[in-house]
Amino acid sequence: MIVVSELHLTVGENTYVAPLLESEAPESVRALQDILPLTSELMHVRWSGHATWINIDEIDLPELPRENHTVYPSRGDILLYPGYRNEQEILVACGPTCFKSPAGELAGNHVGTLETTREELTALEELTLRDGVQPVTARIRESNADRS
C-alpha cells in the first residue's frame with residue numbers, strides 16, 4: 001500500500017478529489033498542505049477562459065520555485081500560483097484555459113488533477129459563471145492506494 005495525499009474541494013454538496021503530485025511539485029504541494037484546511041470563495045476567472053479560482057493573497061506562502069508549471073493547464077488541473085506577477089491563487093481548470101491576468105500570461109505550479117468528469121467540471125464552471133461566488137472548502141486527506 002502506498003499513502004497518497006489528496007486535495008478535496010467541497011463546493012455545495014459536491015466534493016472533487018485530486019491526488020497531489022508530490023514528486024512533480026514537492027515544494028508547492030508542501031506549501032499547499034501547510035495552508036489547508038481553508039474555507040474561502042470559489043470564483044469564475046476573469047481572464048483565463050473556462051476555469052475557477054480561489055484567492056489566497058492574504059496567506060503568507062513561502063517563496064516557491066517554478067516547478068511543474070504551466071500556462072495551459074488541462075481540464076481538471078489544479079495550479080498553485082504563488083504570486084510572482086499577480087495575486088496568489090489556486091486555479092481550477094474546468095475546460096480550455098490559458099492562465100492570464102492583466103499582467104499577461106502566468107505560469108502556475110501544477111499540484112494535482114481532479115478525478116472527475118468533463119460534465120462535472122463544466123457544471124462547476126457554469127455555476128460560478130451563472131450564480132457567482134460559491135463557498136468552497138479545501139482539505140488534504142490521506143488515502144491508501146494499491147499501485148500494483
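Cys98 counts as buried, at 13% relative accessibility, where buried means under 20% relative accessible area, exposed over 50% and partly exposed in between (1.4 Å probe, protein chains only). The model is predicted, so local features need pLDDT of at least 70 and side-chain atom pairs count only at pLDDT 80 or more, while totals for chains, interfaces and linings use all residues. Residues are numbered from 1 along each chain as its sequence is written, and side-chain values use heavy atoms, with hydrogens and water left out.

Cysteines were examined next. A disulfide is a covalent bond between the sulfur atoms of two cysteines. Under the cut-off applied here, a pair of cysteine sulfur atoms within 2.5 Å, the search of the whole structure finds 0 disulfides. The sulfur of Cys94 has its closest cysteine sulfur in Cys98, and no bond is possible because the distance of 15 Å is too far. Cys98 is accordingly in no disulfide. Cys94 is buried as well, with a relative accessible area of 2%.

Strands were taken as DSSP runs (E, at least two residues; helices are H or I, at least four), numbered from the N terminus. Strand 3 covers residues 38–44, and 5 of its 7 residues are buried, so the strand is largely enclosed by the rest of the structure. Strand 3 runs antiparallel to strand 4 (residues 49–55), and 2 bridges join them; two strands pair if DSSP finds at least two bridges between them. In this pairing, His44 stands opposite Thr52 of strand 4. The connection from strand 3 to strand 4 is a hairpin of 4 residues.

Strand 11 (residues 134–145) contains Thr137. This residue is buried, its relative accessible area being 16%. Leaving aside residues up to four places away in sequence, Thr137 touches His8, Leu9, Thr10, Leu38 and Thr39, a contact being heavy atoms within 4.5 Å.

Charged side chains were considered separately. Side chains of opposite charge can pair when their charged atoms come close. With a salt bridge defined as a side-chain nitrogen of Lys or Arg within 4 Å of a carboxyl oxygen of Asp or Glu, the whole structure holds 2 salt bridges. In one of them, Glu87 meets Arg46 at 3.0 Å, N to O. Glu87 lies in the loop between strand 6 (77–81) and strand 7 (89–97), and Arg46 in the loop between strand 3 and strand 4, so the pair ties together parts that are 41 residues apart in sequence. Arg46 is exposed, at 60% relative accessibility. Another salt bridge joins Arg130 to Asp131, with the closest N and O atoms 3.2 Å apart. Arg130 is exposed, with a relative accessible area of 60%, whereas Asp131 is partly exposed at 46%.

Rings of Phe, Tyr and Trp (its six-membered ring) pair if their centres lie within 6.5 Å, and planes under 30 degrees apart count as stacked, over 60 as edge-to-face and the rest as tilted. By this rule there are 2 aromatic pairs. The rings of Tyr81 and Tyr84 are edge-to-face, because their planes stand at 90 degrees, with centres 5.6 Å apart. Tyr81 and Phe99 are also edge-to-face, with ring centres 5.4 Å apart and planes at 85 degrees. This pair links distant parts of the chain, 18 residues apart: Tyr81 is in strand 6, and Phe99 is in the loop between strand 7 and strand 8 (100–101). Tyr81, Tyr84 and Phe99 form one aromatic cluster. Tyr81 is buried at 1% relative accessibility, Phe99 is buried at 1%, and Tyr84 is partly exposed at 30%.
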